[in-house]
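Please find below my notes on this structure, set out as numbered points. They are meant to be read with the sequence and the coordinates open alongside.

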Amino acid sequence: MRGPAQPVVGVVVPMYNAAATIAETLESVCAQTYPALDIVVVDDGSTDGCAAIVRDCASRDGRIRLVQQANAGVAAARNRGARETSADYLAFVDADDLWAPEKTALQMDEVAGREPALVYCWFSHINEHSQVFPIKYNPQMVGDVRGYLARENFVGNGSSMLVPREIFESVGGFSSFLREQGAEGCEDYMFAMGAAQNYPFRLVPRYLVGYRTTASNMSSNADKMIRSFELVVERFGPQMSEFASEFVAHHRDFLIWHARRALLDGRRRQARALLARLKAQHGVELAPFLGTLGPGFVKTKLTPKWTKTLAKRLGIISRPHYLDCTW
């Protein structure tokens, strides 16, 4: 795995108005200890000048290329990037996420020269200052992971995956169906679910991705994310009927997550609507918590434990610390 015979990894970076973060993202990619990279940044109709930043980065590292297109969504941008490189292995990193230096090398050690498999790693949530939140998530799922994926999206995001091109082509790339339905958000989950139908998963058990969580990014839009998730379940549920109970439990937890986040963000009307759905669809009663949530609820003794935990995850009341690496 070392030396001039290394297989090339095509790194696809979908970008939309990412002027604030793209330079740091590309710096983390270019710092990989695995040097055989073909880095394709796909500007998906940005208007904030991020393309000029990419051109400047490319002038200093010849592995970086910029491709521009009219806005078509993250799935189309990733697929365009995959078409632009002839690499036999593909990895994806969103334009606001970060990679630890060993990420590509460790994943290639798991996949090169072996039967095709999707390789993922653990990730840490980071804030707008690239500081890591002090909550660890360390799934261990490998092999046939269909049932596990039905229960939870343990891969978590597109920035943690590396796949042989064979898998990418077999799945058909990332689907634009969710965008067409006005429900972008779960493209990563849909791709992972498609890959799991015919290929095993492998794991590098280290925190090698910094997944940025802010109030404005796509994963913060609760209604769209929930509908996006439901469309993925509608797509795969019929052919995975043996995992029906796992899908139901996943849906319940997905609603709980977004209800909690809405509470923390002060979106009380949306939180009430989600809590009503939880009660109607899953018999889960969380409404009593609403009475304890005043303006300073995060720091009060009345705050439920889950609220404090999520507050830490979102960087509200905790000091950040570093897990696998310093970003």
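1. Terms for exposure. A residue is called buried under 20% relative accessible area, exposed over 50%, and partly exposed in between, with a 1.4 Å probe and protein chains only. By this scale E242 is partly exposed, because its relative accessible area is 48%.

2. Basis and confidence. This is a predicted model, in which local features need pLDDT of at least 70 and side-chain atom pairs count only at pLDDT 80 or more, whereas totals for chains, interfaces and linings use all residues. Residues are numbered from 1 along each chain as its sequence is written, and side-chain values use heavy atoms, with hydrogens and water left out. The protein averages a pLDDT (the predictor's confidence in each residue, from 0 to 100) of 87, and 83% of the residues score at least 70. Two stretches call for care: pLDDT stays under 50 over residues 291-304, for which the model has 19 contacts (heavy atoms within 4.5 Å) beyond four places in sequence, and it also stays under 50 over residues 310-323, for which there are 43 such contacts. Where pLDDT is low, the predicted coordinates should not be read in detail.

3. The sheet. Helices (H or I, at least four residues) and strands (E, at least two) are DSSP runs numbered from the N terminus, and two strands pair if DSSP finds at least two bridges between them. An open sheet of 8 strands follows the order β3-β2-β1-β4-β7-β6-β8-β5, with mixed pairing; its edge strands, β3 and β5, each pair on one side only. β1 and β2 are parallel and share 7 bridges, with V9 opposite L37 in β2. β2 and β3 also run parallel, joined by 6 bridges, and here I39 stands opposite I64 in β3.

4. Strand β1 and helix α1. Because 7 of the 7 residues of β1 are buried, this strand is largely enclosed by the rest of the structure. V9, V11, V13 and M15 point one way from β1, while G10, V12 and P14 point the other way. In helix α1 (residues 22-30) the buried residues are I22, T25, L26, S28 and V29. They cover an arc of only 155 degrees around the axis (taken from the directions from the helix axis to the C-beta atoms), which puts them on the same side of α1. These buried residues pack against β1 (9-15), β2 (37-44), α2 (50-60), β3 (64-69) and β5 (98-99).

5. Nonpolar cores. A nonpolar core is a set of buried Ala, Val, Leu, Ile, Met, Phe, Trp, Tyr and Cys residues joined through side-chain atoms within 4.5 Å. The largest has 53 residues, and L149 and F201 have the most contacts inside it; helix α9 (residues 222-236) gives the most to this core, with 8 residues. A second, separate core of 35 residues includes I39, A91, A100 and V111. Not counting residues up to four places away in sequence, F201 touches a set of residues that includes L118, Y120, V142, L149, F154 and A192.

6. Salt bridges. Taking a salt bridge as a side-chain nitrogen of Lys or Arg within 4 Å of a carboxyl oxygen of Asp or Glu, the count comes to 20. R146 forms one with D144, the closest N and O atoms being 3.0 Å apart, and another with E242, at 3.8 Å. R146 lies in helix α5 (residues 146-151) and E242 in the loop between α9 and α10 (244-264), so the pair ties together parts that are 96 residues apart in sequence. R179 and E184 also meet in a salt bridge (3.4 Å, N to O); R179 is partly exposed at 31% relative accessible area, whereas E184 is buried at 13%. R227, E230, E234 and R277 are linked in a network of salt bridges.

7. Two buried helix residues. R165, in helix α6 (residues 165-171), counts as buried at 16% relative accessibility; leaving aside neighbours within four places in sequence, R165 is in contact with A82, T85, S86, A87, D88, Y89 and L90. A222, in helix α9, is buried with a relative accessible area of 1%. Its contacts, with the same neighbours left aside, are H258, R267, Q270 and L274, and the C-alpha atoms of A222 and L255, 33 residues apart along the chain, are separated by 8.7 Å.
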